[in-house]
Amino acid sequence: GKFAWNLHTEYSRYDIFEKAELRKQRGLLDLTSETDKDEQISEDVSRIRTSVRKELQILEDERRKFVQEVTSKKEEVIKLTETLKSLRRDISSAKAELNSLHDALSKKLQVDLSAKEERRDIIVFNEELGRTSPTKPGGDDSLVEYCEMESCFHYSSCTVRFGLTVYLPQLSSATAKSSQVMQLLTEMSQYLDRKGILAPSASEACVNIVYLTSGTTQGQIDSFISDGTNTILVDLRTTEEKMADSKSELNFKRLIYASHSFESSFRKGYDITMFPELLHLNMNDYWRQLKPLLPVERKHFLHFHGNPSLRKVTVSVSMLTRLKEALKNVDIVVKCDVGDSVKDVQGWQLCGTAADREKGYQEAIFSLVPAEGNPTLVYTRLLEALRWGAVPVILGQGFPLPFNEIIDWRQVTVVMAAQQFNDIHYILSSFQEESIVEMKRRGRFLLETYGRSPQALTEGILSVMNKRLSTLPPLTKPYKGAVILKKQTQTNLPTTERFGTQNFTHFNDIYNLPPGPVFSYPVDPFTPPLVSGHQYASMTTEQLRYQPQHVIRDSGVTGPEFTKLLLGNRPYERYTIVILTYQRTDVLLSTIEGIKYASFLDKIIVVWNNAMDPPKDTEWPAMPIPLVVVRGKGNSLNNRFLPFEEIETECVLSMDDDMILGEEQLSFGFRFPHEYN
């Protein structure tokens, strides 16, 4: 810059003197004093300096702009570099996740392949033993009326490893698509698919189920099945439809016939008795259609309305008349208009319509059910009594009741011999109110489980088959909520695998009490506890010296010593805490901090009811155990009862986010059931 300034100045001076010399030669230069010349030069220099400053200022502004542009470009390069690094990390993470999914898929395919190979090996093994094809008595089908499970059922298709799978052959039939059974088949296929037991083909199924409705012919049945092996025919026709149907006499071959009435011989242990399909209850408004079970006391002690048939009945008109005269609080009618009931049948006919009979059941504690004559009439009386809250009194001990292979009817009804009719009042009067309420409660459960709809009837049939085959219902599916946070902690505790449990010592409880036989569960409340100290029974005295003392009620160990001796190294000796929270993050964090060191605590599950996820800057406490934050079904208090798949223990403590519990309280709550287990 200095060199340019000097050069510019020299050129300017040279230019001035050159012009002055030119004027002098031409006689135009006015000679002045030396002082004027210096002033003139100073002005010119000043003007030149001003011009140069302006130019330099412009250059400086341009330089600054250039520097700013360079700085901006450098920042953009830095940002692009960071973005590139982030994208590379995402690509690496996606590759790892893809590899993980590929490995999981490969393992699943291997498991499925091994399962198919195992199933094939089982069938091959059974073929070697000669068990794959049912025994044919006499070499033909002439004796199929004597069918039993061992002689007419194909056991190799129903292994315990794969459970009871079902195929509906009518779904693939053109005949069924134009019939009234199509809607039923659609509903049943959806129901079986939700349970996970619907087979895609007959070759992959344990049993086939065919529904029989009015107008079904032998040709249609033959198009669905071959010889009837491993096929259950569910007869949904009413008695009137059977009598009006000219094709009602069907050749059932090896079919397992499920019906509420049997015109031909009933094959005990092979055929299945079921409820008549009468209720058609709407599950969306179910409880409004049922009579409350309380109060126990009602207007009448005993109820019976019926009209005797032309044939002789065991419970005669004279017997009922004498009972009516002897007791004042009974509602007995022995002659009435049968209405829409079947007239030409054996036994006591029903009076009027179902709506007419409803009031009589609702006003009585007990309802008389003569077990004779047409099974449909007997089952209808039984079903209506259960629906309207009356305890059925069954007169007749040898009559096959619906699903009698799995239902213990003595827990729900009063079963008496017809010869005990004279003592009926004394027998019924001996029941206390608590027993009556319990019988009503169990009867309501059986009605809901096995008699409310075609799906319930099918569930009863499947339960009978599960008991015959010693197979388990499908394992209940846990709730898979959206996991918001999952903090894992390395522990030495064994993991818990979900599997179904079966205990033949409480079969009656499984089929007659909640939760029912629809699903299998990893644990249930019916399993009896093992004897205290059983794991030390085979140890010698020397070995016992190095083992912790087992907790025994009479050992005198209490307080902290008792807590130490609980061990806590098995799933059922630990517990999970489920915390429900809503818009109280600070309170939640404080609660977790106060309980995270509790003894025998396996995991903490937080059910997040907020609409928004937790803030990213939330400082979750450091955990000695796993912590899982999961979202439930919307904002509902019932989310605390969802069976989250993260729960791996038998014991669960449900609490709110603002509950303050000390370790002593938690240990006492966990200790109480274990002290007697």
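**Close-up 1. Y167 and its partner across the β1-β2 pairing.** In this predicted model, Y167 lies opposite N208 of β2. Two bridges connect β1 with strand β2 (residues 207-212), and the two run parallel. The wider setting is an open sheet of five strands with parallel pairing, ordered β1-β2-β3-β4-β5. Its edges are β1 (166-167) and β5 (272-273), each paired on one side only.

**Close-up 2. The aromatic pair F275 and F403.** The whole structure holds 11 aromatic pairs. In one of them, the ring centres of F275 and F403 are 6.2 Å apart with planes at 65 degrees, so the pair is edge-to-face. Distant parts of the chain meet here: F275 belongs to the loop between β5 and β6 (300-305), F403 to the loop between β11 (391-395) and β12 (414-416), 128 residues apart. F275 and F403 are both buried. Ring pairs also join F275 and F403 with W409 and Y450 in a cluster.

**Close-up 3. The aromatic pair F366 and F431.** Here the ring centres of F366 and F431 are 6.3 Å apart and the planes stand at 55 degrees, so the pair is tilted. Again, distant parts of the chain are linked: F366 is in strand β10 (residues 364-370), F431 in the loop between α11 (424-429) and α12 (433-450), 65 residues apart. F366 is buried, at 1% relative accessibility. F431 is partly exposed, with a relative accessible area of 28%.

**Close-up 4. K195 and the ring of F519.** The charged end of K195 sits over the F519 ring. Its distance from the ring centre is 5.9 Å.

Note on methods: Residues numbered from 1 in each chain as written. Predicted model: local features only at pLDDT ≥ 70, side-chain atom pairs only at ≥ 80, totals over all residues. Heavy atoms only, no water. Pairing = 2+ DSSP bridges. Helix = DSSP H or I, 4+ residues; strand = E, 2+ residues; numbered from the N terminus. Phe/Tyr/Trp six-rings, centres within 6.5 Å; stacked < 30°, edge-to-face > 60°. Buried < 20%, exposed > 50% of the residue type's maximum accessible area, 1.4 Å probe, protein only. Lys NZ or Arg CZ within 6 Å of the ring centre and 35° of its normal.
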